[in-house]
Amino acid sequence: MKEKLLELREKALENVKSADDLKKLQDIRVNFLGKKGPITEVLKGMGKLTKEERPVIGQLANDVRNVIGTLIEEKKAEIEARLLERKLASDKIDVTLPGRKVQTGSHHLLASVIREVEDLFIGLGFSVAEGPEVEEDYYAFEALNLPKDHPARDMQDSFYITDEILLRPHTSPMQARTLEAHKGKGPVKIICPGKVYRRDNDDATHSHQFMQIEGLCVDKNVRLSDLKGVLTVFARHMFGAEREIRLRPSFFPFTEPSVEMDISCFRCGGHGCSVCKGTGWIEILGAGMVHPNVLRMSGFDPAVYTGFAFGMGPERIAMLKYGIEDIRHFYTDDIRFLKQFDRA
């Protein structure tokens with residue numbers, strides 16, 4: 001039995017040395033060290049040995065098994081290293097090849113316009129205020145001088161969730177919330193950008209969801225001339241230094257007096273064209289002096305504080321500035337459209 005074990009060891013060593021891939025090596029492991037291998041068979045026959053021979057043969061069998069196992073592991077490591085070296089050689093990267101251009105994104109056109117407006121008003125001393133898109137009826141209407149059943153509510157067909165909760169139809173609630181938070185003490189200078197929702201039929205100039213930027217300035221001795229000055233700076237910054245503005249009387253429940261602001265047409269210089277519909281003027285936004293009721297409901301004394309407010313649509317600003325004819329282009333995520341303005 002001793003001679004048989006030594007013979008098995010020599011045979012296994014020869015087979016391991018000649019093995020040139022991992023499959024053959026695994027076959028050798030199974031053939032010699034497996035449960036049905038010859039070494040296992042030798043161990044099963046140890047019951048026929050004398051008491052003195054059993055420990056000797058058992059120790060030899062374990063030594064043979066360990067030697068074969070060790071050699072197999074060494075050969076396996078050698079084959080794997082050779083395979084890795086071959087793979088690295090075949091996958092070698094040629095660093096002299098030109099690299100692939102990485103496609104980078106850019107700000108959406110609306111985001112760029114909003115950011116430009118924010119930067120302008122921050123430079124004028126305003127801060128940016130943002131609030132919830134799901135709003136309370138009180139802040140969306142009542143705190144803005146629009147009590148329940150007020151006919152002006154029909155101007156904005158809103159999405160109501162409950163009788164008292166709705167998707168905000170404008171960003172004006174942040175004006176009321178900010179005034180309330182100041183507890184009757186000015187100054188307050190904010191702009192409020194964000195998404196708003198109204199039940200409009202989507203077409204080239206209307207959308208059920210769109211962006212809005214509103215501004216508010218409340219302090220002592222704020223006048224309509226201050227509003228005109230701020231809006232003139234805005235118009236000339238966005239549409240050119242030669243722009244002129246005009247204010248036309250209008251109506252908004254939360255301002256008194258209320259105005260619509262027009263700018264001289266940047267396409268024809270005020271002479272009349274298709275953009276300004278032959279009038280020489282383009283309507284841009286609505287504004288006015290904050291209604292005393294709005295100040296009073298937010299804790300401000302209208303005998304001490306006055307203020308102005310304005311609201312604009314970034315889509316309209318972008319459409320005029322960049323010659324876009326359909327508001328739906330902003331929301332369809334057509335990459336061909338968006339790429340035209342990646343440097344805007």
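This is a walk through one predicted model, stop by stop, with something to select at each.

Before you click: residues are numbered from 1 along each chain as its sequence is written, and side-chain values use heavy atoms, with hydrogens and water left out. Because the model is predicted, local features need pLDDT of at least 70 and side-chain atom pairs count only at pLDDT 80 or more, while totals for chains, interfaces and linings use all residues.

**Stop 1: the sheet**

Switch to cartoon and pick out the strands (DSSP runs of E, at least two residues; helices are runs of H or I, at least four; both are numbered from the N terminus). Seven of them make an open sheet, and going across you pass E1-E4-E5-E9-E8-E7-E6, with mixed pairing. Pairing here takes at least two DSSP bridges between two strands. E1 and E6 are the edge strands, each pairing on one side only. As background, strands of a sheet pair through backbone hydrogen bonds, either parallel or antiparallel.

Now select E5 (209-219). Of its 11 residues, 9 are buried, so the rest of the structure largely encloses this strand. Buried means under 20% relative accessible area, exposed means over 50%, and partly exposed is in between, using a 1.4 Å probe and protein chains only. On one pairing, E5 runs antiparallel to E4 over 10 bridges; look for Val196 opposite Phe210. E5 is also antiparallel to E9, through 7 bridges. There, Ile213 has Met312 as its bridge partner, and Gly215 stands opposite Phe310.

**Stop 2: helix H5 and the core**

Next, select H5 (109-123). Its 15 residues reach 21 Å from first C-alpha to last, close to the expected 21 Å (1.5 Å times one less than the number of residues). Color its buried residues: Leu109, Leu110, Ser112, Val113, Ile114, Val117, Glu118, Leu120 and Phe121. An α-helix has 3.6 residues a turn, so residues three or four places apart point the same way. What covers the buried residues of H5? Its cover includes E1, E4, E5, H8, E9 and H10. Just after the helix comes Gly125, with a positive phi near 95°.

Stay on Phe121 and show what it touches (heavy atoms within 4.5 Å). Leaving out residues up to four places away in sequence, you get Phe126, Ile191, Val230, Phe234, Phe310 and Met312.

Zoom out to the largest nonpolar core, which has 44 residues; Phe121, Phe234, Ile284 and Phe310 touch the most other members. Such a core is a set of buried Ala, Val, Leu, Ile, Met, Phe, Trp, Tyr and Cys residues joined through side-chain atoms within 4.5 Å. Elements that each supply at least two residues include H5, E5, H8 (224-239) and E8 (281-290). A second, separate core has 24 residues, among them Leu144, Leu146, Val294 and Tyr305. In soluble globular proteins, nonpolar side chains tend to be buried together.

**Stop 3: two buried loop residues**

Select Ser172, in the loop between E3 (165-167) and H7 (173-181). Its relative accessible area is 1%, so Ser172 counts as buried. Beyond its neighbours within four places in sequence, Ser172 is in contact with Leu144 and Glu214. Draw a line from its side chain to that of Glu214: a polar contact at 2.5 Å. The criterion is a pair of N or O atoms within 3.5 Å; within protein, one must be able to donate a hydrogen and the other to accept it, and residues adjacent in sequence count only if both atoms are side-chain atoms.

Hop to Arg243, in the loop between H8 and E6 (245-252). Arg243 is buried as well, at 3%. Apart from neighbours within four places, its contacts are Ala235, Arg236, Ile263, Ser264, Cys265, Phe266 and Gly269.

**Stop 4: the cysteines**

How many disulfides are there? The count is 0, taking a disulfide as two cysteine sulfur atoms within 2.5 Å. For Cys273 the nearest cysteine sulfur is that of Cys265, 3.6 Å away. Cys273 is partly exposed, at 21% relative accessible area. For Cys276 the nearest is the sulfur of Cys268, at 3.7 Å, and Cys276 is buried, at 3%.

**Last stop: H4**

Finish on Ala61 in helix H4 (53-90). Ala61 is buried, with a relative accessible area of 1%. Measure across to Arg29 if you like: the C-alpha atoms are separated by 15 Å, and the two residues lie 32 apart along the chain.
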